[in-house]
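Please look over the structure shown here, with attention to one helix and to the pockets found on the protein.

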Amino acid sequence: MAEFDLAIRNGTIITAADTITCDIGIRGGRIVQLAERIEGAAREVDAKGLLVMPGGIDSHVHLDQESGPEIRMADDFESGTRAALAGGNTTVIAFAKQEKGKSLRACVEAYHKKANGKAMIDYGFHLIVSDPTPGVLNQELPALFQDGCTSFKVFMTYDDLVLNDRQLLEVFAVAKRERALVMVHAEGYDTIKFLTEKLESEGKTAPYFHALSRPQLIEREATHRAISHAELIDVPIMIVHVSGREPMEQIRWAKSRGLRVYAETCPQYISLTADDLKGEDLAGGKYVCSPPPRDRDSWAAIWEGLKDGTFQVFSSDHCPFYFDSEAGKKHPKARQSFRYVPNGIPGIETRLPILWSEGVAKGRISANDFVALTSTNHAKLYGIYPKKGTIAVGCDADLVLWDPNRKEIIRQEILHHGSDYTPWEGFAVTGWPVMTIARGKIVMDDGQVLAKAGDGQFLARDISPYAEKAA
Ligand code: DUC
Ligand code: ZN
Ligand code: ZN
């Protein structure tokens, strides 16, 4: 019998810390040897001229999520993870959303049913807490935490999700007790509502006005409020999908005071602008997401943050809807007001090429920074490191073979996601995933998906070391 199931030979290995040239020996789904030369494998892949990196971990994706009575998400766990692995990812962490008035545990069980037998790569769940009753706070959250859902998301806006300040404090207090990491959607409910109604009363109802209803000031205020609440409770928080300089300044201020505030940003905030929402005949709806894309000055601010450590993670916030469908961006009421256009864009498959191309190929960040921002830091923050997120003996053999010179034009026709469009249609990139390996199995080879539904396993995650008291 061969000593290794698979050997990756002659590649340049990039981790968050190192760049080395060696072979990788894989057995039983794990990396079992790194050596100058590995022979005796049942199968060999020649990675000469390619980079070998830990598979992408996308810790912010929405799949098959309840999105309102008439709206349907464009990806379930099968199509969403297919698109993820085609884009060089080997793990996703999706949201299990509590419906107001329902038990959180029942909602999580429903998400297990949606994912089990469908996911093609490994997955975990963050819990969206929308109704923090005493039962949810005192029984369900601690029990679900024990089951490996060690992070919660809370929203400061949206009718069906918003928590008031008192409720935010209560969830933060549970997170502190359990040592869960809380993710915060920081936009203010009342200010958005006020501006939305004002814009509507002035007849400003097209998708573009979505961006004007949620200026950075609103994100800045909510970010500050979330930070203050976290300071009061003395709990670390993660501010997700940060869009520009104003919320970043709050995060930096918090860090300068020694507070444990972490931050995430996404491709839309380095490559799209509010002007993209100006398209004719609801086409602007393709770019409606929250917070909305800003402007080129904001892109520059985000790059500063990606370089100086303000951001630990770069996620997609994949939240896919159809464009040409009444169950999506063309909701029957979408012409009445932007408020009826579902919030979210597809991006799970294009996250890595966009960051590589705009970041590494343009000399803004190093290849090692790229690995940290797209894989290693996600694993560390969300309790799956070092099983996931690096290349070392004993880790899962989750790898992406990357051609740093390959040029592609992002087009809907080459993507694998469920949406009928991509916001990056025509976007030119340099750098592309050519092979994805998940737990030792080749799941994508030059764009061809070889994984099966059900290959992915649920990841019961550990406590985040970032949620523990600072050493
Ligand atoms: N928040 C997200 O995290 N994703 C999509 C929409 C939203 O508001
Ligand atoms: Zn959000
Ligand atoms: Zn999201």
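The report below covers a predicted model, taking the largest pocket, then the second largest pocket, then one helix.

## The largest pocket

The largest pocket has a volume of about 1,100 Å³, and of the 41 residues that line the largest pocket, those closest to its centre are Tyr158, Asp159, Asp160, Arg339 and Asn343. Two elements, β11 (151-155) and α5 (189-201), each give two or more residues to this lining, and the largest share, four residues, comes from α5.

Divided by class, the lining of the largest pocket holds 16 nonpolar, 14 polar and eleven charged residues.

## The second largest pocket

The second largest pocket encloses about 150 Å³ of space, and among the 14 residues that line the second largest pocket, Thr15, Ala17, Asp18, Thr390 and Ile391 are the closest to its centre. The elements that contribute two or more residues to this lining are β3 (19-21) and α12 (367-381), while the division by class gives seven nonpolar, five polar and two charged residues.

## Helix α10 and the residue after it

Helix α10, which runs over residues 296-308 and has 13 residues, reaches 19 Å from its first C-alpha to its last, close to the 18 Å expected at 1.5 Å a residue. Within α10, the buried residues are Ser298, Trp299, Ala301, Ile302, Trp303, Gly305 and Leu306.

Just after α10 comes glycine 309, for which the model has a positive phi of about 90 degrees.

How values were computed. Residues numbered from 1 in each chain as written. Chains lettered and ligands numbered in written order. Predicted model: local features only at pLDDT ≥ 70, side-chain atom pairs only at ≥ 80, totals over all residues. Heavy atoms only, no water. Expected span 1.5 Å × (residues − 1). Buried < 20%, exposed > 50% of the residue type's maximum accessible area, 1.4 Å probe, protein only. 1 Å grid on protein atoms, 1.4 Å probe; cavity = no way out; pocket = protein on both sides within 12 Å on 5 of 7 lines; lining within 4 Å. Points joined across faces, edges and corners; volume = space filled by probe spheres on them. Nonpolar A, V, L, I, M, F, W, Y, C, P; charged D, E, K, R; others polar.
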